[in-house]
Amino acid sequence: MKGLISDLDILSGEEQKQEEVRITKDEGNTGKKKLYIESYGCQMNFSDSEIVSSIMKEQGYTTTASIEDADVTFLNTCSIREKAEQTVRNRLNHINAHKKKRPEMVVGVLGCMAERLKSKFLEEEKIVDLVVGPDAYRDLPNLLGDVDSGQKAVNTFLSREETYADISPVRLNSNGVTAFISIMRGCDNMCSFCVVPFTRGRERSRDPYSIVREAQDLFDKGYREVTLLGQNVDSYKWSAEQNNKAKLEKSDIQEVINFANLLEMVAKVDPKLRVRFSTSHPKDITDEVLYTMKEYDNICKYIHLPVQSGNSRILDLMNRTYDREWYINRVDKIKEILGEDCGLSSDMITGFCSETEEEHQDTLSLMRYVKYDLSYMFFYSERPGTLAEKKFEDDIPLEVKKRRLNEIIELQNECSRETNRRDVGKEYEVLIEGISKKSDQQLFGRTTTNKVVIFDKGSHKKGEYVHVKINDSTTGTLFGTLIENE
């Protein structure tokens with residue numbers, strides 16, 4: 001699969017996904033203050049940057065793709081791995097050259113790294129003027145006012161209520177066809193390896209009616225696919241009285257909208273609006289969600305279901321709250337309800353604390369059983385403040401971690417080739433997302449199972465649905481021929 005592994009220190013999948021960088025588009029407005037944002041990490045961060053851009057737009061800012069033109073530069077950061085944080089620090093060193101030329105340019109660090117380090121960031125990185133956590137973006141105008149008056153500014157308050165439900169995101173770098181909608185914030189799962197609960201706070205769900213309005217607005221503007229985003233979408237729970245999941249589950253409130261209900265509400269916006277979601281937690285995905293997916297053709301038949309390990313003892317150490325058998329049961333139920341062709345992907349961590357060679361083999365055997373279409377794979381990287389860092393010794397040698405990871409990647413390549421070959425000869429409805437990178441005479445789109453398909457352009461353009469017969473495949477891509485309506 002292209003880009004699946006480029007370097008065993010950088011690795012692939014989840015690590016590349018977490019360290020992906022996106023830069024704000026240039027809106028081309030003259031006479032306005034310029035905002036430049038670099039977004040690092042997961043899709044939640046990219047979605048947050050759209051919220052930040054909206055808040056700044058209300059303050060008279062327009063986005064720019066050039067840091068040289070920026071009045072304000074934000075780095076929206078990831079804290080999932082040490083390498084992700086080091087990437088940000090290296091970038092700040094480069095930005096320092098621009099700051100020296102234009103001392104009036106404000107430099108801010110946003111997101112998970114800001115939340116983890118708080119005011120310490122200002123001490124360590126003198127170039128930084130403000131530090132803002134994921135729940136404090138509404139305070140940006142006040143914080144910028146503090147900076148304008150000559151002060152450094154910090155707000156890393158974690159809210160139990162904030163969902164930014166009333167803010168219409170500015171769509172950055174959009175293809176005009178697909179968009180992301182944040183449906184919840186925070187995470188209540190205390191996985192022992194993960195910093196997210198500490199950097200994004202407790203789970204709270206967004207008003208479903210605001211989600212439906214945003215989906216409808218996107219459809220009216222020509223978008224044809226939305227992805228509902230959350231750290232754990234299956235635990236979405238909302239009532240008119242309470243949006244905090246922990247408080248809601250302790251209450252006697254009866255009228256609650258769960259994730260299956262929300263999926264149905266968004267699917268009903270229009271049959272031509274595809275609906276995806278990410279990420280699902282194996283302990284929370286219900287049969288109700290699966291049957292809802294089956295009922296509506298426009299809910300895509302693809303589930304990202306991170307397993308992390310195929311061994312029950314390691315899963316217990318990771319505090320994943322399920323075991324190997326539970327996970328296999330969920331996979332079996334997915335294939336029973338949605339069919340063998342339902343797309344499945346996963347996250348894998350190898351070399352977790354005390355993992356034996358036999359336990360590593362359990363992960364490989366699980367992969368052979370499930371046959372994932374793709375996986376995001378990386379070796380364990382200890383993060384400060386996590387339960388694993390406090391309780392367990394990171395005792396697997398780096399060379400062993402790399403060797404095990406390489407075995408996982410090689411097996412995933414085999415599985416990806418096999419699942420893609422299985423699609424040859426089949427016909428799929430494909431939503432066109434744009435022009436192929438290799439030829440302007442070809443288009444690319446995705447199937448309902450989230451596989452990329454390349455085919456000749458013909459008279460079609462992005463945003464259209466077409467039917468394609470698959471006639472060839474590689475590890476990461478399907479190739480097909482248009483089936484024109486007679």
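Student: How many aromatic pairs does the count come to?
Tutor: This is a predicted model, in which local features need pLDDT of at least 70 and side-chain atom pairs pLDDT 80 or more, while totals for chains, interfaces and linings use all residues. Residues are numbered from 1 along each chain as its sequence is written, and side-chain values use heavy atoms, with hydrogens and water left out. Rings of Phe, Tyr and Trp (its six-membered ring) pair if their centres lie within 6.5 Å, and planes under 30 degrees apart count as stacked, over 60 as edge-to-face and the rest as tilted. By this rule, the number of aromatic pairs is six.

Student: Which kind of aromatic pair do Phe 259 and Phe 277 form?
Tutor: The two ring centres of Phe 259 and Phe 277 lie 5.2 Å from each other. With an angle of 80° between their planes, the pair is edge-to-face.

Student: How many residues apart are Phe 259 and Phe 277, and where does each lie?
Tutor: Helices (H or I, at least four residues) and strands (E, at least two) are DSSP runs, numbered from the N terminus. Phe 259 belongs to helix α10, residues 259–267, and Phe 277 to strand β14, residues 274–278. The pair therefore links distant parts of the chain, with a separation in residues of 18.

Student: Are Phe 259 and Phe 277 buried or exposed?
Tutor: The relative accessible area decides this (under 20% is buried, over 50% exposed, partly exposed in between, with a 1.4 Å probe and protein chains only). For Phe 259, and for Phe 277 as well, the result is buried.

Student: Which residues form one aromatic cluster with Phe 352?
Tutor: Elsewhere among the aromatic rings, a cluster has Phe 352 as one of its members. The residues that join Phe 352 there are Tyr 380 and Phe 392.

Student: Which ring does the charged end of Arg 224 sit over?
Tutor: A charge sits over a ring if NZ of Lys or CZ of Arg is within 6 Å of the ring centre and within 35 degrees of the ring normal. One such case is Arg 89, whose charged end lies 5.5 Å from the ring centre of Phe 121. The charged end of Arg 224 is 4.0 Å from the centre of its ring, and that ring belongs to Phe 219.

Student: What is the radius of gyration of the chain?
Tutor: The chain has 16 helices and 22 strands. For its 486 residues the globule rule (2.2 Å times the number of residues to the power 0.38) gives 23 Å. The chain comes close to this, so it is as compact as a globular protein of that length, with a radius of gyration, taken over C-alpha atoms, of 22 Å.
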